[in-house]
Each structure stands twice: as structure tokens, then as C-alpha cells.
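Me: Please take a close look at one part of this model, the largest nonpolar core, and describe what surrounds it.

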Amino acid sequence: MSNSTYRVRSLGLLLALIAVGPILAAVNNTAATSTPTISEAGKLSVASVKKLLDEKKAVYIFDANGRDSYVAGHVPGAQWVEYDAVGKAQLPKAKDAMLVFYCYNPMCGASPRAAKDAIGLGYSNVWVMPDGIVGWRTAKMPIVAGAKAR
């Protein structure tokens, strides 16, 4: 490839990137604002959630995994919720009630999404257990299995 052909191709690629750049930035900005993150809710460790249960604190725990996963085993007292359909019907009436959401593991986005929806509904004491059911099982915490999903 000659030096001038290389320059023409490089210039063409540069111009294409300049033209597409604002479009990609707009798409990226939209994705960033619509994708929930754990930082929108507080974070609790597996041990902290276990302590809340042991101390019989007033806490509502929600499993945002798939229904099959919930039935296979979940945190004691957890209620199954469809992560992308959290609404007032599944949540307590008190907007200051402590809500804890978990899903599969730290890479799973279901519990942050569910927590974000709860915050959007006006709940102010919303938490996520990022380690999820995998972290719960790894820590050898008690599991309730075979329960009918709600």
C-alpha cells in the first residue's frame, strides 16, 4: 500500500469517526442514564443481611432472580419479584420500610434494577446485597428451597 493510499484511507476513517461520534455519544449517554447501578441504593454484605434476619429486624427481602432460581433456593423470608416489574403491589405501604434486593451475583443487574424502581416509587430505605444468592450460598447461609414462588 502506497503512502498516499494509506493517508486517504486514514483520513476517510477519521472523517467517518467524526461524523458518527455525536451519535455514539448520544447512545452512550442514554444507556448511562437508563441503566441502573448499585450506587443508587445502599449496599449490604451477606453477613449484614444475615445479622438483620438473626436480630429479627423489620426488613423486606426480595429475590430478583428468575422464578426457577427462587424455587431452587432463596434467602429465608425472601419474596420473589420480577426484577423489571417491581410495583407498589409487591412492596410494603410504608415508604421508609427497609427493602433489600438481591439477585445472582455482583455481575447481575436484576437487583439494582429492582432497587432503582423501588426508589422511583418513593421508597427511601433501599438496599442491594451485591453478592446475591451465590455469595449467600458460598457463605453457607441458610437456604429455603422448594417454596412456591409468590
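Reply: In this predicted model, the largest nonpolar core is made up of 17 residues. Those with the most contacts inside it are L91, L99, F101, A118 and V126. Two or more residues come from each of β4, α4 (110-120) and β5 (126-128), and α4 gives the most, with 4 residues.

L99 has an extensive list of neighbours. Not counting residues up to four places away in sequence, L99 touches Y60, F62, L91, P92, A118, Y123, N125, V126 and W127.

Apart from this core lies another one, of 15 residues, which includes L44, V49, V59 and M141.

On aromatic rings, the count comes to 1 aromatic pair. The ring centres of F62 and F101 are 5.0 Å apart and their planes meet at 20°, under the 30 degrees limit, so the pair is stacked. F62 belongs to strand β2 (residues 59-63) and F101 to strand β4 (residues 98-102), so the pair ties together parts that are 39 residues apart in sequence. Both F62 and F101 are buried.

A97 sits in the loop between β3 (79-80) and β4. Its relative accessibility is 10%, and the limit for buried is under 20%, so A97 counts as buried. Leaving aside neighbours within four places in sequence, A97 is in contact with Y60, P92 and N125. The C-alpha atoms of A97 and V126 are separated by 8.2 Å, with the two residues 29 residues apart along the chain.

Terms used: Residues numbered from 1 in each chain as written. Predicted model: local features only at pLDDT ≥ 70, side-chain atom pairs only at ≥ 80, totals over all residues. Heavy atoms only, no water. Phe/Tyr/Trp six-rings, centres within 6.5 Å; stacked < 30°, edge-to-face > 60°. Buried < 20%, exposed > 50% of the residue type's maximum accessible area, 1.4 Å probe, protein only. Contact = heavy atoms within 4.5 Å. Core = buried A, V, L, I, M, F, W, Y, C linked by side-chain atoms within 4.5 Å.
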